[in-house]
Amino acid sequence: MTPFLLVLSSPSGVGKTTIARQLLERRADVGYSVSATTRAPRPGEEHGRSYWFLSEVEFEAEVQAGAFVEHARYNANRYGTLKREVERLFALGKHVVMDIEVEGARQVRRQVADAVFVFILPPSGAELVKRLGGRGTETSTVLKHRLAIANDELKAVTEYDYVVVNDDLERAIAQVAAILDAEGHRVSRHRGLAQQVEQIRREVAAAAMRLD
Ligand code: 5GP
């Protein structure tokens, strides 16, 4: 089967990163594309595992070198998917899961015809507000800004192929896995399908001949 890109988007706090990481842990046929970003690492984040943490200058150099499949600005920081990450995973025969915001997803859609786009929804607005308020340490201006971004991102849902509601993490992971499996069975993704079917037909025809 030909591996493909699976793009996961959602407002921040809905769990797409957790879903992507869990798929990676559970499935040998999935790889995670580690993005580049100019934002500072958060506690516990590792260079090369969570992100490739680049300076503005390094990031711009990658843009100029044409190193990105897509790149976008989010919250004053830059984020981008490196072509070499995607190529490395495809070379291993793995589907590539990307956790990216909606503008980057639009760029992927324009360029990669057979990519699959999944939007993760929170179970409710109240739950999203709770998750975005999170630690409760943010000022109301910061929180207001986050809520405005989330509301904007939610509008993009109709541009996606699939929607999964993350009201139960295990169920959401299973649903994204089911999408991966179903997409893998698309006729268009089967390399050598015509030859395989020809072989079966030859065997059937030969068996029919022997009946004469
Ligand atoms: P965070 O800073 O919270 O890790 O991520 C902020 C947003 O950037 C999230 O919506 C995340 O999905 C998105 N993001 C992460 N990596 C990429 C990327 O490579 N490209 C784009 N366009 N967005 C990304």
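User: How do the residues lining the largest pocket divide into nonpolar, polar and charged?

Analyst: They split into 10 nonpolar, 15 polar and 13 charged. Ala, Val, Leu, Ile, Met, Phe, Trp, Tyr, Cys and Pro count as nonpolar, Asp, Glu, Lys and Arg as charged, and the others, Gly among them, as polar. This is a predicted model, where local features need pLDDT of at least 70 and side-chain atom pairs count only at pLDDT 80 or more, while totals for chains, interfaces and linings use all residues. Residues are numbered from 1 along each chain as its sequence is written, and side-chain values use heavy atoms, with hydrogens and water left out.

User: What counts as a pocket?

Analyst: On a 1 Å grid over the protein atoms alone, it's an open set of points where a 1.4 Å probe fits, with protein on both sides within 12 Å along at least five of seven lines; lining residues have an atom within 4 Å of a point.

User: Where does the ligand sit?

Analyst: In the largest pocket, meaning more than half of its atoms lie within 2 Å of the pocket's grid points.

User: Which residues are closest to the ligand?

Analyst: Ser35, Arg39, Tyr51, Tyr79 and Glu101, out of 15 surrounding residues, each with a heavy atom within 4 Å of the ligand.

User: Which ligand atom does Glu70 approach?

Analyst: A nitrogen atom, 2.7 Å from a polar side-chain atom of Glu70. Arg42 has a polar side-chain atom 3.0 Å from a ligand oxygen, and for Lys16 the distance to a ligand oxygen is 3.3 Å.

Key
A polar contact is a pair of N or O atoms within 3.5 Å; within protein, one must be able to donate a hydrogen and the other to accept it, and residues adjacent in sequence count only if both atoms are side-chain atoms.
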